[in-house]
Amino acid sequence: MNKVIITSLKESLTLIWKSKLIFILLFFLQIIFFISFSLISYNYTPKIIESQKAIYEYVSNLKQDEISIAEDILQQKNILGEDPLLITRNFNEIVKNFKLYLTYIFILLVIFTSISWTITFRLIYGKMFLPLAKTSFILLFYLGLIFLFFYSLFNISFNEIAVEGTKIFTKYIPFLIFSIILIYFMFISLSLINKTELKEIVQKTLKIGIKKAHYILAAYFISILFLALSIFLLIYFIEKNLFILLLSIILLIFSFVFGRIFMVKVVERLD
């Protein structure tokens, strides 16, 4: 296992050094993705938080002691206050904005990942092979299933949550686990695009992902380690050292670009 991982690491770094211009293109493309992601989040996250805050403030001002509740019942008042529909309205706003947020993130991921993986293959194989259609198809399959799961998660009413409480979310745990498994296999499928026919990708993905899982998990671990290190440095030095902060941002972006190249090289040796 060590030979496959170490050789793939060396080849990945060598490819980056030999194809610096394409790597820089991927680097800036990753920056564009982060900026686009931030703009979408900036547009919808405050709206979601605002609705959550409105519900919290309204519920906090309600008198929930036994005496107050008994008085409201005797006076035929609603125990949820003067405007109980405020909770439902804001909950519906949260659901609506979250669904829109998910939709735009899904579109962004499909477009960006398709382009970035296509350019990654250009860097690795040094030829004008542009598997944009195959990449987009695979991403639509994997990300589409994950998107439908999260979309359905919020396809519920406030009454359902009020009745079942947190129990309702336990029903989605198997789907969450299934989504993680899909992500695991997705990057294997993407790495096989260059040398594998579309009809054979599923078979080879399962073969490599299951029989050679220790190699794939090792590759994931190294990529996640790079990512975790950059995030740690970013958080730790955010107000302490500007130079190291900039280096950590560069390392963060590098870890995403390098991770794709490294995964392709590992899968290539396992195929």
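## Salt bridges

A salt bridge is counted here where a side-chain nitrogen of Lys or Arg lies within 4 Å of a carboxyl oxygen of Asp or Glu. On that criterion, four salt bridges are present in this predicted model. One of them joins R269 to E11, with 2.8 Å between the closest N and O atoms. This pair connects distant parts of the chain, since R269 belongs to helix α11 and E11 to helix α1 (residues 2-18), 258 residues apart. R269 is partly exposed, with a relative accessible area of 41%, and E11 is likewise classed as partly exposed at 24%.

Helix α11 also contains the salt bridge between E268 and K265, whose closest N and O atoms are 2.7 Å apart. These two residues are three positions apart in the helix, about one turn. E268 counts as partly exposed at 24% relative accessibility, whereas K265 is buried, with a relative accessible area of 9%. Through shared partners, salt bridges unite E11, K265, E268 and R269 in one network.

A further salt bridge, in helix α4, pairs K96 with E93 at 3.5 Å, N to O. Because K96 and E93 are three residues apart in that helix, about one helical turn separates them. Both side chains belong to partly exposed residues: the relative accessible area is 42% for K96 and 32% for E93.

## Aromatic contacts

The structure contains 21 aromatic pairs. In one of these, the ring centres of F27 and F28 are 6.2 Å apart and the planes meet at 80 degrees, so the arrangement is edge-to-face. F27 is buried, at 15% relative accessibility. F27 and F28 are also members of one aromatic cluster, together with F23, F226, F254, F258 and F262.

The rings of F141 and Y142 form another edge-to-face pair, with centres 5.2 Å apart and planes at 80 degrees. The two residues fall into separate accessibility classes: F141 is partly exposed at 48%, and Y142 is buried at 9%.

Lysine side chains also approach aromatic rings. The charged end of K20 is placed over the ring of W17, 4.3 Å from the ring centre. K47 lies over the face of Y44, and its distance from the ring centre is 5.2 Å.

## Largest pocket

The largest pocket encloses about 1200 Å³ of space. It is lined by 33 residues, of which L109, I183, M186, F187 and F256 are the closest to the centre. Nonpolar residues account for 25 of the lining positions, with seven polar residues and one charged residue besides.

Helices α2 (20-60), α4 (85-125), α5 (132-153), α8 (173-191), α10 (213-236) and α11 (242-270) each contribute at least two residues to this lining. Helix α4 provides the largest share, nine residues.

## Second largest pocket

The second largest pocket has a volume of about 270 Å³. Its lining comprises 14 residues, and those closest to the centre are F141, Y142, S189, I201 and V202. F141 and Y142 are thus residues of the pocket lining as well as partners in an edge-to-face ring pair.

At least two lining residues come from each of α5, α8 and α9 (198-211). By class, the lining consists of twelve nonpolar and two polar residues, with no charged residues.

Note on methods. Residues are numbered from 1 along each chain as its sequence is written. This is a predicted model: local features need pLDDT of at least 70, side-chain atom pairs count only at pLDDT 80 or more; totals for chains, interfaces and linings use all residues. Side-chain values use heavy atoms; hydrogens and water are left out. Rings of Phe, Tyr and Trp (its six-membered ring) pair if their centres lie within 6.5 Å; planes under 30 degrees apart count as stacked, over 60 as edge-to-face and the rest as tilted. Buried means under 20% relative accessible area, exposed over 50%, partly exposed in between (1.4 Å probe, protein chains only). A charge sits over a ring if NZ of Lys or CZ of Arg is within 6 Å of the ring centre and within 35 degrees of the ring normal. On a 1 Å grid over the protein atoms alone, a cavity is a set of points where a 1.4 Å probe fits but cannot get out, and a pocket is an open set with protein on both sides within 12 Å along at least five of seven lines; lining residues have an atom within 4 Å of a point. Grid points are joined across faces, edges and corners, and a volume is the space filled by probe spheres set on the points. Helices (H or I, at least four residues) and strands (E, at least two) are DSSP runs, numbered from the N terminus. Ala, Val, Leu, Ile, Met, Phe, Trp, Tyr, Cys and Pro count as nonpolar, Asp, Glu, Lys and Arg as charged, and the others, Gly among them, as polar.
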